[in-house]
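Q: Please take a close look at one part of this chain, the largest nonpolar core, and at the strands around it. Which residues have the most contacts inside that core?

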Amino acid sequence: TVILVHSAMASSEVEHAAEITGTVISTRSTSTSRGIKVCEARIEIIGKWDKRNRVTIVGWSAVAETIEQLREGDRVRVLGRVQSRKMHTSGNEHEAIEIAVNALEELEDLT
């Protein structure tokens, strides 16, 4: 199943583009203060020497609804724009790097 969220990326976004394939670990939904739905998913990707890395993907509005339907164990391919944001937790400031989803493809299970 291919879910194309945007048909093209702006030329400035191509410079910050990323494509990953991995397995959904978890999803989390919330809303902005303006009532816009936001959904994140943690994706585990297996790198060189079987090293496991986790990447956060994020989408808003209709994209958030698509991400929200993913379940733990689903395999996906994601194309999006790499972005960073600062977060404040327990008095500490952290920077999060994530992928803002432009296109999402659900892949068949390999088992």
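The answer below goes from the chain as a whole to the core and then to strand pairing.

A: This is a predicted model, in which local features need pLDDT of at least 70 and side-chain atom pairs count only at pLDDT 80 or more, while totals for chains, interfaces and linings use all residues. Residues are numbered from 1 along each chain as its sequence is written, and side-chain values use heavy atoms, with hydrogens and water left out.

From the N terminus the elements run β-α-β-β-β-α-β-β (helices are DSSP runs of H or I with at least four residues, strands runs of E with at least two, numbered from the N terminus). Of the 111 residues, 32% are buried (under 20% relative accessible area, 1.4 Å probe, protein chains only).

The largest nonpolar core (buried Ala, Val, Leu, Ile, Met, Phe, Trp, Tyr and Cys joined through side-chain atoms within 4.5 Å) has 18 residues, and Ile20, Ile43, Ile57, Ile67 and Val78 have the most contacts inside it. At least two core residues come from each of strand 2 (17-31), strand 3 (37-46), strand 4 (52-60), helix 2 (62-68), strand 5 (75-89) and strand 6 (92-107). Strand 3 gives the most, four residues. Leaving aside residues up to four places away in sequence, Ile67 touches Thr27, Cys39, Glu40, Ala41, Ile57, Val58, Gly59 and Val101 (heavy atoms within 4.5 Å).

Strands 3 and 4 pair antiparallel over nine bridges (pairing needs at least two DSSP bridges), with Arg42 bridged to Thr56 of strand 4. Thr56 also has a bridge partner in strand 6, Glu98; strands 4 and 6 run parallel, joined by three bridges.

Definitions and conventions: Buried < 20%, exposed > 50% of the residue type's maximum accessible area, 1.4 Å probe, protein only.
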